[in-house]
Amino acid sequence: MKSEITWKIGGQQGEGIDSTGEILATTLMQQGFQIASYKHFASRIKGGHTYYHIRASHTPIHYQGDTTDILVALDKESYEHNIGAMSSGGFVLMENKKEEKVEEADGCTVIHASFTKMAEELGNKIIRNMIALGSTIYLMGLHYDIFKPLVERKFLRKGQSLVDLNVNALKKGYEYVQNLGLTPYKLETPQPKQQALLTGNEAFAFGAVASGCRFLSAYPITPASEIMEYMKKNLPKVGGVAVQAEDELAGLLMAVGAGYAGVRSMTSTSGPGFSLKTEAIGLAGVSETPVVIVNSQRGGPGTGLPTKYEQGDLNTMIYAGHGDIPRIVLAPSTVEECMYMASTAFNLAEKYQCPVIVALDLVLSLNKQTCPDYQADRFEPIDRGKLLTEEQLAELDEFRFKRYRLTEDGISPRAIPGQKGGVHTANSNEHSETGHITEEPEIRTAMMNKRLGKLQPFKMKGYEFIGQDEHPVETLFIGFGSTRGVLEEVVNELNAQGEDTALAQIKVLYPFQAEGLKELIDGARRVIVVENNWSGQLSGMLQKELQVGSKLQTVKKYSGDPFTKTEILEQIAQKMKEVV
Amino acid sequence: MAVTLKDYRGDVSTWCPGCGHFGVMSGIQKACLNLGLEPHEVAVISGIGCSGKVSEYMRSYGFHTLHGRSLPVAQAVKLANSGLKVIASGGDGDGYGIGAGHFTHAARRNVDMTYVVMDNRVYGLTKGQTSPTSMQGYVSNTSPEGSGEREVKPLELALGAGASFVAQGFSGDIKGLIDLIAEAMKHPGFALVNVFSPCVTYNKINTYDFYRENIVDINDLEDYDPSDKAAAYAKIIEHDGLLKGIVYKQERPAYHTYLKDYPETPIAFNDIEPDSQVLDELWSAFK
């Protein structure tokens, strides 16, 4: 029996590749499998090769896998593009209108069949991919009945006949392959689980709603648009508002406006938009306005690779803007973390009254993973920091409320416009305690010390130790964002081979949190930073903060695609042999 | 105690003596008073430049933002905190130059707010450069041969962009200005009040006298109907934009009325504790 399987469907954009992948992934999730998926697509609406890859497992996974057990190739290009990554002995379901046959080729069993013709026989071409799913499920060793709950949920409101059509299609595909007399995989069904399947974008957006975010403004951009779309649909259900701004800059400016006005607010973007928002990050910083900025990284610079993956925005997230800007930069690494980290982000923004940037990346943003059902108590309780009530403001009795009061911890009490005793001007110019323009050197110095000093006490566990029992290991891997998925497996594999390795997954990029990490680095013989950018931005940050020296080595990839496990193992093989 | 002008007084002004902006600020303050508003019920969101300092010099809630960026901030302040009367303010460079993109979209979006532009047709704070509304041929350090660019026509721009309320005032006529700003604030949508606000230091062309001699009061035009957009265009063109009064006014639902379930009470003061029933329902979409 098999406890894990990988599957891929490839075709042209516009052929329903995504929805087909989602039907299978959701169904397997409902069966209790844990899922990691990966979508490959191009920056065009129709045409161009695309694929959807699913890995389903009995155990928790965050990586879609290197190889494919079952490939549905809707065209020749999909076959050629993906055959190289097939598992030995795998199955290919090849769309072939000219000839039906089964052959052994490229180490796989290739089933030539025409799903298009079968669909036409059922009287509707649109049903083609469901037939392929029927064949798929036979080859996995499962029954097509498992699709029924989802098929009914999706199609019943459009009529029973559509449900029947889909079930017949699944059955047709299933029986077609059954009749070929092949030996399918025997995939064992796991215990059912209380879980869901969602993307990092969806998880963050849901988490934001749960964390009291009631305003989003953004501009459409790949791979972050889904966050705005989710908020447009769902913020009204909790009394919130989402606005599609006229440009990226306005996307953040509006969120800053809402933050000033007293509402938990956010924007979502990707690198090109983040660059444009830079001006408003400074505004939020100097005016001490809470706001959350999600930056889902893609290949840069300029327009770069709109639909491809990179982790090249680390430096800009930490440094973007003229002058010194107080900010916090967080980096979740799984879909589940995207959800819960939202509550951290909104609390930190209000506690420290500064922009909080959440670094996602295309892989994390767009690909679905299973996630245990949300637990309300795993969100941080909403903490609005030093927000004053009308009563507290009345007690202060200030004609001009000192919005930028110099306090011991550098954080000033805040009032919401509309509150009677809190009248003040927030300011992007340097300002006095009451928020009025000043160029007095003494006040300027005091305000700089206040704004930038307020983050000095900021302390958070900056990383997660992934490995066996936290201890200094011989080889320490370090990464941030979605590389976690593949690095988890690299570490597991190496440890199974008798190596002593672990992953320190960085969760707080700024202000840098050295505690614990420094000990791990000091105790390691070699430190291997794995990151997807050209210059080694994470490595540079670690060298700057911790002076790791020559034992730090960097494994980089900037082709637009994420690392496979094999690539990392190959790249580090030599490094692992070197005695440092 | 009744609110008086004193309550609306902010920091000491640094505008040049005779600056048109004094009149504009006075117009805003008195319009607020006339509408019975208290300073905590008003938010003045300003851009950068001499004009941007209005949020410093008058006392109300305020946000002195960035050059050209007052409008996005102001629209969000209104949507997030709907009990406030929101006034964005800035200059011609701010609104029709670096912030022109935001202006056109704010006009069509029609959030319930007022935009007061202090149009002195020159960059004052940076010492006299040519601005988007400087007249063609205007001579300055940045156009020593005379500006070759046709000036932006704010009223035409606003109409073209779809503003539902377009008015123009003059700093030399504060009484008229108070009424215009009050009308704009009462208008349930995006209301532009472009104010000719002479820069006594740098602009020697568009002076108080220039406007006194050339400006035409729209109320003096026979049978002028401010709901007739074509007539508005015609009169603007006929008088080369030198009009004062309400040029155009259209009853059009404000942006928030198109938002699904937009709360009746200000979002900023509503409870944000999560409702598990709603969250469960949202979560079920991922199951």
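This is a short tour of a predicted model, with suggestions for what to select in your viewer and what you'll find there.

**Stop 1: chain A as a whole**

Start by showing chain A alone as a cartoon. You'll be looking at 19 helices and 22 strands. The radius of gyration of chain A comes to 26 Å, close to the 25 Å that the globule rule gives for 580 residues, so chain A is as compact as a globular protein of that length. Line the view up with the principal axes, and the C-alpha atoms of chain A fill a box of roughly 85 × 65 × 40 Å. Of the 580 residues of chain A, 64% count as buried. Take the contacts in chain A between residues at least 6 apart in sequence: 73% of them join residues at least 24 apart.

**Stop 2: a five-stranded sheet in chain A**

Now pick out strands β17, β19, β18, β21 and β22 of chain A. In that order, these 5 strands form an open sheet with mixed pairing. Colour β17 (463-466) and β22 (552-556) of chain A to mark the edges, where each strand pairs on one side only. Direction ignored, neighbouring strands of this sheet are turned by 25° against each other on average.

Zoom in on β21 (residues 526-531) of chain A, which is joined to β22(A) by 5 bridges, the two strands running parallel. To see one residue and its partner, select A:V529 and A:T554: A:T554 in β22(A) is the bridge partner of A:V529.

Next, add helix α16 (residues 483-496) of chain A. Helix α16 lies across β17, β18 (475-480), β19 (501-506) and β21 of chain A. Against β19(A), the helix runs at about 165°.

While you're in chain A, show the side chains of A:K556 and A:W534. The charged end of A:K556 sits over the ring of A:W534, 6.0 Å from its centre. For another arrangement of this kind, jump to A:K76, whose charged end sits over the ring of A:Y79, 5.5 Å from the ring's centre.

**Stop 3: aromatic rings**

How many aromatic pairs does a search of the whole structure find? Over all chains, the search turns up 24. Select A:Y352 and A:F458 for one of them: an edge-to-face pair, 5.7 Å centre to centre with 80° between the planes. A:Y352 belongs to helix α12 (residues 335-352) of chain A and A:F458 to the loop between α15 (441-453) and β17, so the pair ties together parts that are 106 residues apart in sequence. Are these two residues buried or exposed? Both A:Y352 and A:F458 are buried.

For a pair in chain B, go to B:Y115 and B:F190. Their rings are tilted, with centres 6.3 Å apart and 40° between the planes. B:Y115 sits in strand β4 (residues 113-119) of chain B and B:F190 in strand β6 (residues 190-196) of chain B, so this pair ties together parts that are 75 residues apart in sequence. B:Y115 and B:F190 are both buried.

Then show both chains and select A:F206, A:Y230, A:Y340, A:Y374, A:F379, B:W283 and B:F286. Ring pairs link these residues into a cluster.

**Stop 4: one residue past helix α12**

Centre on A:Q353, in the loop between α12 and β14 (355-361) of chain A. Its relative accessibility is 1%, so A:Q353 counts as buried. Leaving aside neighbours within four places in sequence, the residues in contact with A:Q353 include A:E288, A:T289, A:P290, A:R403 and A:K454. Try a distance label from A:Q353 to A:A284: the two are 69 residues apart in sequence, yet 8.5 Å apart in space, C-alpha to C-alpha.

**Stop 5: chain B**

Finish by showing chain B alone, with its 10 helices and 8 strands. A compact globule of 287 residues would have a radius of gyration near 19 Å, and the 20 Å of chain B agrees. The C-alpha atoms of chain B fill a box of roughly 70 × 45 × 40 Å along the principal axes, and 58% of the residues of chain B count as buried.

For a last close-up, select helix α5 (residues 100-109) of chain B. Among its buried residues are B:A100, B:F103, B:A107 and B:R109. Just after α5(B), look for B:N110, which takes a positive phi of about 65°.

How values were computed:
Residues are numbered from 1 along each chain as its sequence is written. Chains are lettered from A and ligands numbered from 1 in the order in which they are written. Side-chain values use heavy atoms; hydrogens and water are left out. Two strands pair if DSSP finds at least two bridges between them. Helices (H or I, at least four residues) and strands (E, at least two) are DSSP runs, numbered from the N terminus. Axes are lines fitted to C-alpha atoms, for helices over the stretch in contact, and angles run from 0 to 180 degrees between N-to-C directions. Contact means heavy atoms within 4.5 Å. Rings of Phe, Tyr and Trp (its six-membered ring) pair if their centres lie within 6.5 Å; planes under 30 degrees apart count as stacked, over 60 as edge-to-face and the rest as tilted. Buried means under 20% relative accessible area, exposed over 50%, partly exposed in between (1.4 Å probe, protein chains only). A charge sits over a ring if NZ of Lys or CZ of Arg is within 6 Å of the ring centre and within 35 degrees of the ring normal. The radius of gyration is taken over C-alpha atoms; the globule rule is 2.2 Å times the number of residues to the power 0.38.
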